[in-house]
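Hi,

Here's the structure I promised to pass on. Have a look at it first, and then read my notes underneath.

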Amino acid sequence: MSLKRRHTSARMSRTVIHNNTVYLCGQVAEDRSQGITDQTRTMLAKVDTLLAEMGSDRQHLLSATIYVKDMSLFAEMNKVWDAWVPAGHAPARTCVEAAMASPELLVEISVIAAIPE
């Protein structure tokens, strides 16, 4: 069994690789004082960075779970998401309204991606 954890603390690992699949912990915005558009952009940039570090990219996304603080922000978040996802490579996706760990957070994402061989 191939299992690797990276950026591990007592609470969690930011990435886990198992059998050529990378699992990312929830990613949030770099600057929590920004609106939903900028929070979504910086959150997705963090996903890009972690996927690249693990040998994957957004063209290999398998699944995404998106948590939005308020569904009134859904359309704005989707504009950024739609521009970010490569045409023809949309993952299975779930998007739910959720209470966030910090009140200033508007969006969080967790993704699973394949690592190409």
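Below is what turned up, going from one helix to the pair and then to the rings. Keep in mind that this is a predicted model.

Let's start with helix α1, which covers residues 36-53. It has 18 residues and spans 26 Å from its first C-alpha to its last, close to the 26 Å expected at 1.5 Å a residue. Its buried residues are Ile-36, Gln-39, Thr-40, Met-43, Leu-44, Val-47, Leu-50 and Leu-51. They take up an arc of only 125° around the axis, so they sit on the same side of α1. Thr-49 and Ala-52 are exposed, on the face turned away from that buried side. Just after α1 comes Gly-55, with a positive phi of about 90°.

Now for the partner, helix α2 (residues 74-84). The two helices, α1 and α2, pack at an angle of about 35°, and their axes are 8 Å apart. Their crossing is right-handed. On the α1 side, the residues in contact include Ile-36, Leu-44 and Val-47, while α2 brings in Met-77, Val-80, Trp-81 and Trp-84, among others.

Those two tryptophans deserve another look. How many aromatic pairs does the count come to? Just one. The ring centres of Trp-81 and Trp-84 are 5.5 Å apart and the planes are at 40°, so this pair counts as tilted. Both residues lie in α2, three residues apart, which is about one turn of the helix. Trp-81 and Trp-84 are both buried, too.

Cheers

Definitions and conventions
Residues are numbered from 1 along each chain as its sequence is written. This is a predicted model: local features need pLDDT of at least 70, side-chain atom pairs count only at pLDDT 80 or more; totals for chains, interfaces and linings use all residues. Side-chain values use heavy atoms; hydrogens and water are left out. Rings of Phe, Tyr and Trp (its six-membered ring) pair if their centres lie within 6.5 Å; planes under 30 degrees apart count as stacked, over 60 as edge-to-face and the rest as tilted. Helices (H or I, at least four residues) and strands (E, at least two) are DSSP runs, numbered from the N terminus. Buried means under 20% relative accessible area, exposed over 50%, partly exposed in between (1.4 Å probe, protein chains only). The expected span of a helix is 1.5 Å times one less than its number of residues. The arc is that of the directions from the helix axis to the C-beta atoms. Axes are lines fitted to C-alpha atoms, for helices over the stretch in contact, and angles run from 0 to 180 degrees between N-to-C directions. A crossing is left-handed if the near helix is turned anticlockwise from the far one by less than a right angle, and right-handed if clockwise. Contact means heavy atoms within 4.5 Å.
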